[in-house]
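Here are a few exercises to work through with the model open. Try each one before reading its solution.

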Amino acid sequence: MTFDTIIRGGTIATAADTVKCDVGIQGGKITALGANLGEAREIVDATGHLVLPGGIDSHVHFAQPSGPGIVMADDFESGTRSAAFGGNTMVLPFAVQQKGESLRQVVKDYHAKADGNCYVDVSFHLVIVDTSERVLGQELPALVNDGYTSFKVFMTYEGMALSDMEMLNVMAVARETGALVMVHAENYDAIRFLTDRLERAGKTAPFFHGPSRPIPIEREATHRAISLAELVDVPVMIVHVSNGEAMEEIRRAQQKGLKVYGETCPQYLVLTEQDLEGLNMEGAKYVCSPPPRDKKSQSECWKGLQQGVFSVFSSDHCPFRYDDPQGKLTPKGRTSFRWVPNGIPGVETRLPILFSEGVKKGRISLNEFVALSSTNHAKTYGLYPKKGTIAVGADADIAIWDPDRSVTISQSLMHHNVDYTPYEGIEVTGWPVSTMVRGRFVVRDGKLTGAKGDGEYVSRDKSPLATPSGTGMF
Ligand code: DUC
Ligand code: ZN
Ligand code: ZN
Ligand code: ZN
C-alpha cells in the first residue's frame with residue numbers, strides 16, 4: 001500500500017488523546033494511524049512538532065455589507081488565506097439577510113462570493129432578519145434541509161434586532177427543523193438609551209462604546225434569550241460572551257439541564273475596555289460588540305472555558321480597516337462612537353493566543369485546546385467526525401504546530417486585508433507552521449502553497465446537540 005502522504009514523527013493530539021504516531025493520508029482522507037505505515041509519495045517530517053486537527057473557526061464574517069457603502073475588508077479570498085495561516089482548515093461565515101430579501105437569494109449571493117475563492121473549507125450560518133411568513137414558513141425549513149443547519153438572530157442593531165415575538169417565531173422553526181439558533185444577546189433599547197445620554201453629555205469618543213453597552217445589557221439579553229429558548233424547548237448557542245455575569249446565566253441553564261451552549265473569543269481574554277482609550281480615534285480599532293471588559297471578566301471567561309460552560313472558542317473575525325473611508329474612521333460629520341463599525345479581525349491570531357495563554361500557561365490542556373478550537377465546533381455544527389478530529393475516515397484537515405516558537409504578534413505578519421491587528425505586540429509561544437486541507441498543504445513552513453479554490457463548500461448535517469430536550473411547554 002502506498003499512501004499519498006505520511007506525516008511522520010510528530011505528536012498527535014485530539015480532544016481525547018495525545019500520542020506519538022504517524023498519519024497516513026490517501027485521497028484527502030486519513031486512512032491509517034500508527035508506526036511504520038510503509039511507503040508514501042511524500043513523507044512529511046513532523047519531528048518535534050504537534051499534529052493537530054485543523055482549526056475550525058465557527059464564527060467569522062467575510063464580505064458582509066455593513067451599513068451604507070461599507071463592506072467588510074476581507075472577502076472570501078483574503079479571509080480564508082488569513083485563516084489558513086492561522087492554522088485553520090475550515091471557517092463558518094454568515095450569509096446575512098437584509099429586510100425584505102429572499103433567504104434563498106441571500107444564500108446564492110454568498111455562494112457567488114465564496115465559490116472558487118477559498119483557501120480553506122467553508123460552510124454558512126444564516127442570519128435571519130426578516131421573519132415574514134415566506135421566510136419562516138417556506139424558505140428557512142427548506143434551507144435547513146439543504147444543509148444550512150444553523151442561524152443567528154440579533155437582539156440589537158437597527159434593522160436587525162428581532163422582537164421577542166420574532167425570536168420565538170424563529171426559534172419555533174429551529175425546534176421543528178432541528179436547526180441550531182445562535183444569539184447575539186444585547187438589549188437594543190437599553191443601548192439606544194445609553195448612547196443618546198452619552199452623546200448628549202458630549203461623550204462621543206470610541207472609549208464610550210464600552211459604557212454604551214455595559215455588562216447588564218448583555219446579561220439581561222442572555223437571560224431573556226435563554227428563557228425564550230426554554231419556552232420553545234430549543235437548544236441555543238449564546239455567541240461572543242464577554243463576561244462572568246452573562247456566563248453565569250448560561251451555566252445556570254446548563255445546570256438545569258437546558259441545552260444552552262456558550263462561545264467566547266480572544267478579545268475577551270486579552271483585551272480590556274482600556275484599549276478603547278487610544279489617542280484620537282485609535283480606540284476605534286478595538287470597537288466590537290459586546291465590548292472587551294476588565295481583568296476580572298477575562299479571568300471569568302477563562303473559568304468558563306476551563307469548566308466547559310463555553311464549548312467553543314471562535315474569533316468573531318469581523319474585519320474593518322482603520323485608515324479607510326469604509327473602515328473604522330467614521331464618515332465625515334459622524335464623529336460619535338455610534339458610527340464606528342463594530343468588529344475586529346482575529347481569524348489568524350485566535351489559535352496562537354489560545355495555545356499560548358491557555359496551554360503554555362497551564363490554564364487548559366492540549367486536548368482541551370483541540371476541543372475548543374476544532375472538535376467542539378465540528379460537533380456543534382453538524383460536521384463531526386468528517387471534520388474536527390484526527391481519526392481514520394476523517395478528512396485530512398491538519399495543522400502542524402511548532403509548540404515552542406515564540407512570536408510577537410504584529411500586523412506585518414498578518415495575511416488579512418485589514419491594516420492593523422488589535423493584538424499587536426502580544427507575545428505568544430506556539431505557532432502553526434503548516435496547514436493541510438483534505439490532504440493538500442495550503443500553507444507549508446509558513447509559505448502559501450495552496451490556491452484559491454482549494455477550499456470547498458461543505459454542506460452540514462443537523463447538529464446532534466440541537467435536538468430538543470422534551471421539556472417544552474408545547
Ligand atoms: N456581532 C458579531 O457577531 N460580530 C461583529 C459585530 C456583532 O455585533
Ligand atoms: Zn454578534
Ligand atoms: Zn460575529
Ligand atoms: Zn519547526
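The exercises below go from the domains to the core and then to the ligand.

A quick note on conventions: this is a predicted model, where local features need pLDDT of at least 70, side-chain atom pairs count only at pLDDT 80 or more, and totals for chains, interfaces and linings use all residues. Residues are numbered from 1 along each chain as its sequence is written, with chains lettered from A and ligands numbered from 1 in the order in which they are written.

**Exercise 1.** Work out how the chain is divided into domains.

*Solution.* Start with the bounds, which come from an automatic or database domain assignment: domain 1 is 3-52 + 386-417 + 430-448, and domain 2 is 54-363. Next, take the centres over C-alpha atoms; they sit 29 Å apart. Then count the contact (C-beta atoms, placed from the backbone, within 7 Å): domain 1 puts in 20 residues and domain 2 puts in 28 residues.

**Exercise 2.** Find where the largest nonpolar core lies.

*Solution.* Such a core joins buried Ala, Val, Leu, Ile, Met, Phe, Trp, Tyr and Cys residues through C-beta atoms within 7 Å; buried means 20 or more other C-beta atoms within 10 Å of a residue's own. This one has 145 residues. Both domain 1 and domain 2 give residues to this core, so it lies between them. Now zoom in on Val183: leaving aside neighbours within four places in sequence, its contacts are Val153, Met155, Ala225, Val236, Ile238 and Val239.

**Exercise 3.** List the residues around ligand 1.

*Solution.* Keep residues whose C-beta atom, placed from the backbone, lies within 6 Å of the ligand. That gives His61, His184, Val239, His240, Ser289, Asp316, Cys318, Asn342 and Gly343.

Key
Buried ≥ 20, exposed ≤ 12 C-beta atoms within 10 Å, placed from the backbone. Contact = placed C-beta atoms within 7 Å.
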